Amino acid sequence: MTSPELAKGFCQDVAALQKLGIKIVVVHGGGPQISAMLDKVGVESRFEGGMRVSSPEVVDVAEMVLCGSVNKGIAASICSAGGRAIGLSGRDDSLLQCTKQENKDGYDLGFVGKVETVNTELLESILNLGITPVVSPIGTGIGEESEMAYNVNADAAAGRIAGELKASRVLFLTDIAGVLDKEMSLLRELTVKQIEDLIDDETITGGMIPKVTYATSAVDLGVESAFITDGRIPHALLTQVLDSSDGEGGTIVTL
């Protein structure tokens, strides 16, 4: 969300969709808030290959920010809009079980987690109560590492959760119109194969590559369609869910 007004509108959309009987899981990030707190407490961080290298100190700050003010603020705002929501961490009831993510370019990303399993039973039980789970992407280790915290990319967590729940759709909110071609025109619909080709010919580059990768992974796991949606548009969530064929922005990804 690029403004408090857009964030408020998003939470209003969640509440409105709940009243229509639509079950929603919200997965959020908080990169700017994490960066601000790292600066405030004097913890250095850097990015490698587009990912934040997560030392134990960085994970501690990320967990404090994401599982605290960001997570509870979103849940409270949904409730204020007339909906029902509960904030969760990926560590709660082993919601997101992770192993250390290995970067393909050989960077050591520290405690960045790759989601291996999702506690769908927990999410489904909450959804069946008519409550929206609001998930902060801090995962937990597995086995002997079960007390370890991992920093998980929010888009990766959202895509994996959607796939494990076999959701009808998953939406990734971003700060551009969607996937663009080399002339900077919006590509409204793409298949998984077309996305692979667009990455190969460098039409899709930079920070959009992880987003489309997680979108295609969700579709591969059984999600009917993934939307990379322009979150700068007011009520983008409501627009895409109720009229995905004629939204003001966004790219639809299918098999």
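## Sheets, pocket and cavity in a predicted model

Strand 1 and strand 7 are joined by two bridges and run in the parallel sense. One of the residue pairs here is Val27 with Val135, its bridge partner in strand 7. Helix 3, residues 56-80, packs on the sheet and touches strand 1, strand 4 and strand 7. The direction of helix 3 makes about 165 degrees with that of strand 4. The structure is a predicted model, and the values below are computed from it.

The sheet is open and has three strands in the order 1-7-4, with parallel pairing. Strand 1 (26-27) and strand 4 (85-89) stand at the edges; each has a single partner strand, so one side of each is left without a neighbour in the sheet.

Strand 7 covers residues 132-136, and Ser136 belongs to it. Is Ser136 buried or exposed? Ser136 has a relative accessible area of 0% and is buried, because the cut-off for a buried residue is under 20%. Apart from neighbours within four places in sequence, Ser136 is in contact with His28, Leu66, Cys67, Asn71, Leu88, Ser89 and Gly90.

Val152 is placed in the loop between strand 9 (149-151) and helix 5. Val152 is also buried, with a relative accessible area of 3%. When residues up to four places away in sequence are not counted, Val152 touches Cys98, Gly113, Val115, Pro137, Gly139 and Ala157. Between Val152 and Gln101 there are 9.1 Å in space, C-alpha to C-alpha, and the two are 51 residues apart in sequence.

Gln101 also appears in the description of the second largest pocket: together with Met51, Pro210, Thr213 and Tyr214, Gln101 lies nearest the centre of that pocket. The second largest pocket holds about 800 Å³ of space and has a lining of 23 residues. Strand 6 (113-118), helix 5 (154-165) and helix 7 (208-220) are the elements that give two or more residues to this lining. Helix 7 gives the most, with six residues.

Enclosed space is treated separately. How many cavities of 30 Å³ or more are there? The count is two. The largest cavity has a volume of about 60 Å³. Its lining consists of 11 residues, and those nearest the centre are Phe10, Gly231, Ile233, His235 and Ala236. Helix 1 (4-19) and helix 8 (236-242) each supply at least two residues of the lining of the largest cavity. The largest share, four residues, comes from helix 1.

The table gives the two linings by residue class.

| Lining | Nonpolar | Polar | Charged |
|---|---|---|---|
| Largest cavity | seven residues | three residues | one residue |
| Second largest pocket | nine residues | nine residues | five residues |

Further strand pairing involves strand 13, residues 251-254, which is joined to strand 11 (residues 189-191) by three bridges, the two running parallel. In this pairing Thr191 stands opposite Thr254 of strand 13. Strand 13 is also joined to strand 12 (residues 225-230) by three bridges, and these two strands run antiparallel. Ala226 has Val253 in strand 13 as its bridge partner. Strand 13 thus pairs in the parallel sense with strand 11 and in the antiparallel sense with strand 12.

How values were computed:
Residues numbered from 1 in each chain as written. Predicted model: local features only at pLDDT ≥ 70, side-chain atom pairs only at ≥ 80, totals over all residues. Heavy atoms only, no water. 1 Å grid on protein atoms, 1.4 Å probe; cavity = no way out; pocket = protein on both sides within 12 Å on 5 of 7 lines; lining within 4 Å. Points joined across faces, edges and corners; volume = space filled by probe spheres on them. Nonpolar A, V, L, I, M, F, W, Y, C, P; charged D, E, K, R; others polar. Pairing = 2+ DSSP bridges. Buried < 20%, exposed > 50% of the residue type's maximum accessible area, 1.4 Å probe, protein only. Contact = heavy atoms within 4.5 Å. Axes fitted to C-alpha atoms, helices over the stretch in contact; angles between N-to-C directions.
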